[in-house]
Amino acid sequence: MWLLSVGHGGRQALVVAGPHPNEPVGGATVLRLAERALADPRLTEGADATWNLLLCLDPDGLRRNEGWLTGPYTLGQYFRNFFRPGFLEQPEWLPDGASGAALPETRALLDVQDELRPFLQCSLHGVDIGGGFVELTHDLPGLAQRLAHIAARLGIPRELGAYDALYWPGLGDAVYRIPPPRRADLAAAITEAAVESTWFHPYRHGTVTAVVEAPMWGVAAVADGSPPADRDAVLRAVSRTLRHDTGLLRHLLARIRPHLAAVPDAARLLAPVDDYLLVCPGLADAWDPDTGVGTAHPLPPLSTAHLVALRISGRRLALRTAGLLHQLVRAAGHDPAGALPELDRLIDEWCADYRDGCGARWIPVARQSEYQARVVLAAFGLAARHPRLRAPSGEPGVESGAAVPMQRE
């Protein structure tokens, strides 16, 4: 793992690329930021700042995505070669708290955070299908307006109802507040992704963390904040589709699994498959107005953008699972279960729904990277103006090794 530092100022900014290996644009963004910081002294000497750029937090996972990184950039190519580790093997997550972090990548990031004590941390993520948005551990007034201007200039849709932040307070259009840590058991960590994270770990140092999401395939409808015409009908359709897709994938997995004993590292691909199939039924029930009423997490008021995001999210879970199963069958070298043609059909059908039903369109890498870099620079400028934040005394969980509810799928 490589950390590139630019400048010699006393105030540290930390930018983390590649926390999810299927979201590679951050690698291009940090190099773009390094060039900007070298060319513009206002970003270094003028701000008394040093830029610390972690080039990739999960290099091993990124290598597993090499099958689609060189193109062609189609949805089918992406999902057939997609890899993202299981929930408990993602380096930004701290399911056992910082003291129990086992992954070497996680330990390295925690050590860098504690050594630098940055005033700003930016974690660079990529939305595969949807729009751009930002999640903050502390408000940066003015960021939503800057985000709107950047997105408009570059033609990037803003995600006004992001699924990741479905239950989180808004700080402006497409800007969300990450709730402070709270306690959660393992079941909640799996079903709600309610785990402590490296986003909040440096909060004790007064760090503001911004999670910057840039879309790969943009969907214009995620920016539609209008009231939906028939909320419940859409929710029923999304839930019904997710249940149906999950059933198909479970049958396929049952046919495939007995033939995977000789596949090298099959467990690494099966872990996220099992995670996705575990959470899908609960999500379908939570979204269904006929079964989700009175649940522990009732749905908030929903706009058209929210409903589009839920439709995209349900289909994403199915496509990721199908893509991983496709890789497992290919790795076996033969297909005694006859699953590959069916997986190909499902992947093509579901990608066509994204393309034709949601209007998903590829955004060139240069535009993704420029958008992400401009959002980071906007957050840097706003955070640099304010005195270093202090964690409020007595705020529950901030110093206690508790869990943060991230609502990640």
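The following exchange concerns a pocket and the cavities of a predicted model.

Colleague: Which helix gives the most to the lining of the second largest pocket?

Modeller: Three helices each supply at least two residues of that lining, namely helix 8 (231-256), helix 10 (304-332) and helix 11 (340-357). Among these contributors, the one that gives the most does so with 6 residues, and that is helix 10.

Colleague: Which residues lie nearest the centre of the second largest pocket?

Modeller: The second largest pocket, with a volume of about 280 Å³, is lined by 19 residues. By class, this lining has 11 nonpolar, 4 polar and 4 charged residues. Those that lie nearest the centre of the pocket are Val 234, Val 238, Leu 307, Val 308 and Arg 311.

Colleague: What volume does the second largest cavity have?

Modeller: The structure holds 4 cavities of 30 Å³ or more. For the second largest cavity, the computed volume is about 50 Å³.

Colleague: Which elements give two or more residues to the lining of the second largest cavity?

Modeller: The lining of the second largest cavity includes Arg 255 and Ile 256, as well as Val 329 and Ala 332. Helix 8 spans 231-256, and helix 10 spans 304-332, and the elements that give two or more residues to this lining are helix 8 and helix 10.

Colleague: How many residues of each class are in the lining of the second largest cavity?

Modeller: Among the residues lining this cavity are Leu 260, Pro 336 and Ala 337, together with His 259, His 334 and Asp 335. Sorted by class, the lining of the second largest cavity has 6 nonpolar, 2 polar and 2 charged residues.

Technical notes:
Residues numbered from 1 in each chain as written. Predicted model: local features only at pLDDT ≥ 70, side-chain atom pairs only at ≥ 80, totals over all residues. Heavy atoms only, no water. 1 Å grid on protein atoms, 1.4 Å probe; cavity = no way out; pocket = protein on both sides within 12 Å on 5 of 7 lines; lining within 4 Å. Points joined across faces, edges and corners; volume = space filled by probe spheres on them. Helix = DSSP H or I, 4+ residues; strand = E, 2+ residues; numbered from the N terminus. Nonpolar A, V, L, I, M, F, W, Y, C, P; charged D, E, K, R; others polar.
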